[in-house]
Amino acid sequence: MQRSEQITQVKVLLARLDSGTNVDAGGMRLNPTTSYTDTDIARMERETFFRNHPQVLGLSGDLPEPGTFITINDLDVRILATRDESGEFHAFVNACRHRGVAVEERGSGKAQRFTCPFHSWTYDSQGSLVGLPKEDHFGSIDKECFGLVELPSEEKYGFLFANPNPSGSLDIDALLGSELSEEMEAWDFGSLRRLGGDRYEIDCNWKLAMDTFGETYHFNSLHKNTLAAVFEGNVQCYDTYGQHHRMILCRKAIHEMRKLPEDQWDITIAGLPVYWLFPNTILLPNDLGMYLVRTYPDEGSPGRHTSVITFYMHSTGDRGENSAEATPGRRTQIQLAPTEALKEIAQGFAEIIRDEDYVASASQQRSAEGGALPNVVFGRNEPALHHYHNTYRSALGQDPLPLI
Ligand code: FES
Ligand SMILES: [Fe+2]
């Protein structure tokens, strides 16, 4: 986030704290619980949001050098993403052109060649078919026509984007809009390195998982023994960017900013920005780096989903941890060994998101599936929930939820 915007947002948070006010959505909305249970809605979402819409495959740091690859298996279309020998990012359908076996099963690694385990057709990191055994027996194959199916892909603002539909569209600037694009660029996510990740398979709809990142009203209750010690629960900033949004949660450390000149104010000390990139991606930039959360619907049931969490870190020293200009309050756990840092960060994240938030989400799902609770209510202080659901509805051609 640009410096000027950080200062603006810290001032808004301080003013709201001092006046005891909060964001106001202007009313409440009722959301039908069928949003989380209806199989027709789930089918439309999979088709519209997950098969033919740009997806965040990760950050540039997931492919840290030429010859590295990752695979993504959480979408209907399995994807192999590579950084080729010249450093260019590609995304392919991870399916051999002979008879469809995945050419790479590992989650990540380094490889110049991808050899299908079934009959050993072999592809390079640009997806070209470079060899097959017994070509004289198999038949004459025009190798130019049997490379891996390439997907529309783009590496921009430190993100790896691809559309799982080979003939689908991908225009990242149009997708994000100019204001959010500039803010994403200012974060310099491309300089982060991947520390590691985690996965939670939870009995709740993927949108209920998104919902839990959409309000702070629950902090003093659900998180009374965890986040409530660190965050002011009833104050936040909220802005929308087309289909996307940005919340800024308020850390109690914001009061440190009052003692510092404005040019030392840091939004990751004063608060926690929470971005939502439509449809399923949450970004949590923080003083250590950035945590990425993506939620994917279960193929069989609207009542299940998988959350995929990835932790990215600044390189030690990137942000002045060891310099005299380090901002008071900045954490330094990144100086732990990577395995220790990952263990600590992943455990801390799971204790809150998996063991508190998603327990509530699964309980919400159970009530929705019972069929006796027709709707739930989004409050004036939960504007992100209003925006999530009206954006989903609009993208599926449904009427918006009206204010009440
Ligand atoms: S399916 Fe890949 S080589 Fe036969
Ligand atoms: Fe929460």
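Let me start with a term: when I say helix or strand, I mean a DSSP run, with helices of at least four residues and strands of at least two, numbered from the N terminus. With that in hand, we can place His314: this residue sits in the loop between β18 and α9, the helix spanning 338-370. Please keep in mind that this is a predicted model.

So, is His314 buried or exposed? It is partly exposed, because 19 other C-beta atoms lie within 10 Å, and a residue needs 20 or more to count as buried. For a sense of distance, His314 and Leu160 are separated by 154 residues in sequence, and their C-alpha atoms are 18 Å apart in space.

Now let's step back to the domains. The domain assignment gives domain 1 as 3-51 + 178-395 and domain 2 as 56-169. Their C-alpha centres are 32 Å apart. Where they touch, domain 1 contributes 21 residues and domain 2 contributes 16. On the domain 1 side, at least two residues each come from α2 (39-51), α5 (178-187), β12 (193-202), β17 (289-297) and β18 (305-313). Which of these gives the most? That is β18, with four residues. Sorted by class, this side of domain 1 has nine nonpolar, five polar and seven charged residues.

Next, the core. The largest nonpolar core has 89 residues, and the members touching the most others are Leu13, Leu57, Ile79, Ala81, Ala270 and Tyr312. Both domain 1 and domain 2 give residues to this core, so it lies between them. As general background, nonpolar side chains in soluble globular proteins tend to be buried together.

Tyr312 is a nice one to click on. Leaving out neighbours within four places in sequence, its contacts include Leu59 and Gly61, then Leu192, Arg193, Arg194 and Leu195, and also Gly289, Met290 and Leu292.

Last stop, a small piece of sheet. Four strands make an open, antiparallel sheet in the order β5-β4-β3-β6. Why do β5 (89-93) and β6 (108-110) each have a side without a neighbour in the sheet? They stand at the edges with a single partner strand each, so one side of each is left free of a neighbour there. On average, neighbouring strands in this sheet are turned by 20 degrees against each other, ignoring direction.

Looking at one pair, β3 (residues 68-72) and β4 (residues 79-83) run antiparallel and are joined by four bridges. If you zoom in, you'll find Phe69 opposite Thr82 of β4.

Thanks, everyone!

Notes
Residues are numbered from 1 along each chain as its sequence is written. Chains are lettered from A and ligands numbered from 1 in the order in which they are written. This is a predicted model: local features need pLDDT of at least 70, side-chain atom pairs count only at pLDDT 80 or more; totals for chains, interfaces and linings use all residues. Domain bounds come from an automatic or database domain assignment. Two residues are in contact if their C-beta atoms, placed from the backbone, lie within 7 Å. Ala, Val, Leu, Ile, Met, Phe, Trp, Tyr, Cys and Pro count as nonpolar, Asp, Glu, Lys and Arg as charged, and the others, Gly among them, as polar. A residue is buried if 20 or more other C-beta atoms lie within 10 Å of its own, exposed if 12 or fewer, and partly exposed in between; C-beta atoms are placed from the backbone. A nonpolar core is a set of buried Ala, Val, Leu, Ile, Met, Phe, Trp, Tyr and Cys residues joined through C-beta atoms within 7 Å. Two strands pair if DSSP finds at least two bridges between them. Axes are lines fitted to C-alpha atoms, for helices over the stretch in contact, and angles run from 0 to 180 degrees between N-to-C directions.
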